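Biologist: Could you put the model up so we can walk through the fold together? I'll ask, you answer.

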Amino acid sequence: MKAKYLFGDIVVVNKDEIGVIVKTWEKEVNVKKGNYAYEVYNRLSRTIQEYPESEVERYRIRHKELSEEEIEWQKI
């Protein structure tokens, strides 16, 4: 199984914050493949934080923060 996101992909974290993938790696959990983790540069906080794949979404809109309407569009 391949990683869903790669270096440079723009993503949404923490429901409404925009970030960029800076590192992708596969974590080994009970020798199960496909458990990826990502380091994401968060534009709002200006920090790099680690997120599991389940907490990262593909970004579809181009602003620093998402408005409530944009959050709804993100869910589509």
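Biologist: Which pattern does the protein follow, read along the sequence?

Modeller: Bear in mind that this is a predicted model. Its secondary structure comes to one helix and five strands. Read along the sequence, the pattern is β-β-β-β-β-α.

Biologist: In what order do the five strands sit in the open sheet?

Modeller: Let's build it up pair by pair. β3 joins β4 (residues 47-52) through six bridges, and seven bridges join β2 to β3. β1 and β2 pair over four bridges, while two bridges join β1 to β5. The pairing is antiparallel, and the order comes out as β4-β3-β2-β1-β5.

Biologist: Okay, and which strands stand at the edges?

Modeller: Look for strands with a single partner, because one side of each is then left without a neighbour in the sheet. That picks out β4 and β5 (57-58).

Biologist: Let's get the register. Which residue is the bridge partner of K23 in β3?

Modeller: K23 first: this lysine lies over the face of W25, at 5.0 Å from the ring centre. β2 and β3 run antiparallel, and across that pairing the bridge partner of K23 is E39.

Biologist: And which residue does Y41 stand opposite in β4?

Modeller: β3 and β4 form a hairpin with four residues between them. The two strands run antiparallel. Across from Y41 in β4 you'll find I48.

Biologist: Which residue in the turn of that hairpin has a positive phi?

Modeller: Most residues other than glycine have a negative phi, so a positive one catches the eye. Between β3 and β4 the value is about 55 degrees, and the residue is R46.

Biologist: What about the loop between β1 and β2: how exposed is K15 there?

Modeller: The β1-β2 hairpin has three residues between its strands. N14, with a positive phi of about 55 degrees, is in the turn, and N14 is partly exposed with a relative accessible area of 40%. K15 is in that loop too and has a positive phi of about 70 degrees although it is not a glycine. K15 counts as exposed because its relative accessibility, against a cut-off of over 50%, is 70%.

Biologist: Now the other side of β1. How far apart are the C-alpha atoms of E57 and V12?

Modeller: E57 is in strand β5 and is the bridge partner of V12. Leaving aside neighbours within four places in sequence, E57 is in contact with Y5, V11, V12 and Q74. E57 and V12 are 45 residues apart along the chain, yet their C-alpha atoms are separated by 5.1 Å.

Biologist: On to the interior. Which strand gives the most to the largest nonpolar core?

Modeller: That core has nine residues in all: Y5, V11, V13, I21, Y36, Y38, V40, Y51 and V56. β1 (10-13) and β3 (36-42) each supply at least two of them. The one that gives the most, with three residues, is β3.

Biologist: I see tyrosines in that list. What geometry does the aromatic pair of Y5 and Y38 have?

Modeller: The structure holds one aromatic pair. For Y5 and Y38, the centres are 5.5 Å apart with 75 degrees between the planes. Planes over 60 degrees apart count as edge-to-face, so this pair is edge-to-face.

Biologist: How many residues apart in sequence are the parts that this pair ties together?

Modeller: Y5 is buried, and so is Y38. Y5 lies in the segment before β1 and Y38 in strand β3, so the parts tied together are apart in sequence by 33 residues.

Biologist: Y36 is in the core as well. Which residues is Y36 in contact with, leaving aside its neighbours within four places in sequence?

Modeller: Y36 is one of the nine core residues. Its contacts beyond those sequence neighbours are M1, K2, A3, T24, W25, E26, P52 and E53.

Biologist: Last one, for the whole protein. What share of the residues is buried?

Modeller: The accessible surface comes to about 5,500 Å², and 50% of that belongs to carbon and sulfur atoms. Buried means under 20% relative accessible area. Of the 76 residues in the protein, the buried share is 29%.

Conventions:
Residues are numbered from 1 along each chain as its sequence is written. This is a predicted model: local features need pLDDT of at least 70, side-chain atom pairs count only at pLDDT 80 or more; totals for chains, interfaces and linings use all residues. Side-chain values use heavy atoms; hydrogens and water are left out. A nonpolar core is a set of buried Ala, Val, Leu, Ile, Met, Phe, Trp, Tyr and Cys residues joined through side-chain atoms within 4.5 Å. Buried means under 20% relative accessible area, exposed over 50%, partly exposed in between (1.4 Å probe, protein chains only). Contact means heavy atoms within 4.5 Å. Rings of Phe, Tyr and Trp (its six-membered ring) pair if their centres lie within 6.5 Å; planes under 30 degrees apart count as stacked, over 60 as edge-to-face and the rest as tilted. A charge sits over a ring if NZ of Lys or CZ of Arg is within 6 Å of the ring centre and within 35 degrees of the ring normal. Accessible areas come from the Shrake-Rupley method with a 1.4 Å probe; for residues, only the protein chains shown count as cover. Two strands pair if DSSP finds at least two bridges between them.
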